[in-house]
Amino acid sequence: MALLDILEFPDPRLRTQAKPVTQFDAALRKLTEDMLETMYDAPGIGLAATQINVHQQVIVMDVSEDKSQPMVFINPQITVVGGEKEYEEGCLSVPGFHENVVRPDVIHVKALNAQGEAFELQADGLLSVCLQHEMDHLNGVLFVDHISRLKRDRIRRKLEKQHKVAAPRS
Ligand code: QAP
Ligand code: CO
């Protein structure tokens with residue numbers, strides 16, 4: 001197992017569109033295990049492959065209280081069922097910042113597991129919000145794209161400043 005580096009906003013690589021997974025092999029299973037380890041270590045509740053600079057449609061999540069329910073979604077497809085809900089969202093790629101985002105509440109999800117087997121589920125609440133947030137990553141979208149430009153620019157400037165301080169000397 002290995003911890004992976006997480007890209008941070010405004011890194012342009014976070015804008016990459018992920019491609020569907022076509023090979024359900026040992027490398028894919030290692031990727032999902034490393035992503036889960038990286039997410040638990042952070043600690044976070046969701047991580048998309050885009051965030052670790054792998055541009056394939058792979059999401060890992062665990063929204064359980066006791067971190068006992070790892071979930072893997074490959075090539076997920078979401079359809080909105082209905083409702084609307086506001087949640088305070090954060091993101092491992094936007095560390096230290098949280099903002100309210102309004103999204104559809106109830107969704108239906110079709111996806112494959114790491115073995116390539118299809119499954120479906122209906123989600124609401126945190127599971128639904130987190131899945132939509134992670135799906136956004138696979139399309140190059142961040143939660144800060146759902147808030148005002150003023151707030152987004154403020155967050156971008158603060159993170160850019162931190163990245164400058166943290167940058168290795170050359
Ligand atoms: C996405 O985000 C999410 O700022 C997952 O300093 C979050 O795991 C969906 C994290 C909330 C819906 C609601 C953020 C960790 C983790 C931070 C995360 C931080 C440390 C974020
Ligand atoms: Co995120």
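For the purpose of grouping residues by class, Ala, Val, Leu, Ile, Met, Phe, Trp, Tyr, Cys and Pro are counted as nonpolar, Asp, Glu, Lys and Arg as charged, and the others, with Gly among them, as polar. On this basis, the shell around ligand 1 in the present structure, which is a predicted model, is made up of 9 nonpolar, 6 polar and 3 charged residues.

Ligand 1 is surrounded by 18 residues, of which Gly 44, Ile 45, Leu 92, Gly 96 and His 98 are the closest. Two of these residues approach the ligand through their backbones: a backbone N or O atom of Ile 45 is placed 2.8 Å from an oxygen atom of ligand 1, and a polar backbone atom of Gly 96 is likewise found 2.8 Å from an oxygen atom of the ligand. Of the 500 Å² of accessible area that ligand 1 has on its own, 80% is covered by the protein. The site occupied by ligand 1 is the largest pocket, and the elements that contribute two or more residues to the shell are strand S4, spanning 85–89, and helix H2, spanning 125–138. Helix H2 provides the largest share of this shell, with 4 residues.

Attention may next be turned to Asn 113, which is located in the loop that runs between strand S6 (106–112) and strand S7 (118–123). The side chain of Asn 113 forms a polar contact, at 2.8 Å, with the side chain of Glu 117. When residues up to four places away in sequence are left out of account, Asn 113 is in contact with Phe 24, Val 72, Ile 74 and Phe 119.

The backbone geometry also deserves description. Most residues other than glycine have a negative phi, and most peptide bonds are trans. Against this background, the peptide bond that joins Phe 9 and Pro 10 is cis, with an omega of about 5 degrees, and Pro 10 belongs to the segment that precedes helix H1 (26–41). A cis peptide bond is also present from Ala 42 to Pro 43, where omega is near -5 degrees; Pro 43 is situated in the loop between helix H1 and strand S1 (46–48). Lys 67, although not a glycine, adopts a positive phi of about 55 degrees, and the position of Lys 67 is in the loop that lies between strand S2 (58–61) and strand S3 (71–82).

Key. Residues numbered from 1 in each chain as written. Chains lettered and ligands numbered in written order. Predicted model: local features only at pLDDT ≥ 70, side-chain atom pairs only at ≥ 80, totals over all residues. Heavy atoms only, no water. Near = heavy atom within 4 Å. Polar contact = N/O pair within 3.5 Å; in protein donor to acceptor, adjacent residues only side chain to side chain. Areas by Shrake-Rupley, 256 points an atom, 1.4 Å probe, with all protein chains shown as cover. 1 Å grid on protein atoms, 1.4 Å probe; cavity = no way out; pocket = protein on both sides within 12 Å on 5 of 7 lines; lining within 4 Å. Sits in = over half its atoms within 2 Å of the grid points. Contact = heavy atoms within 4.5 Å.
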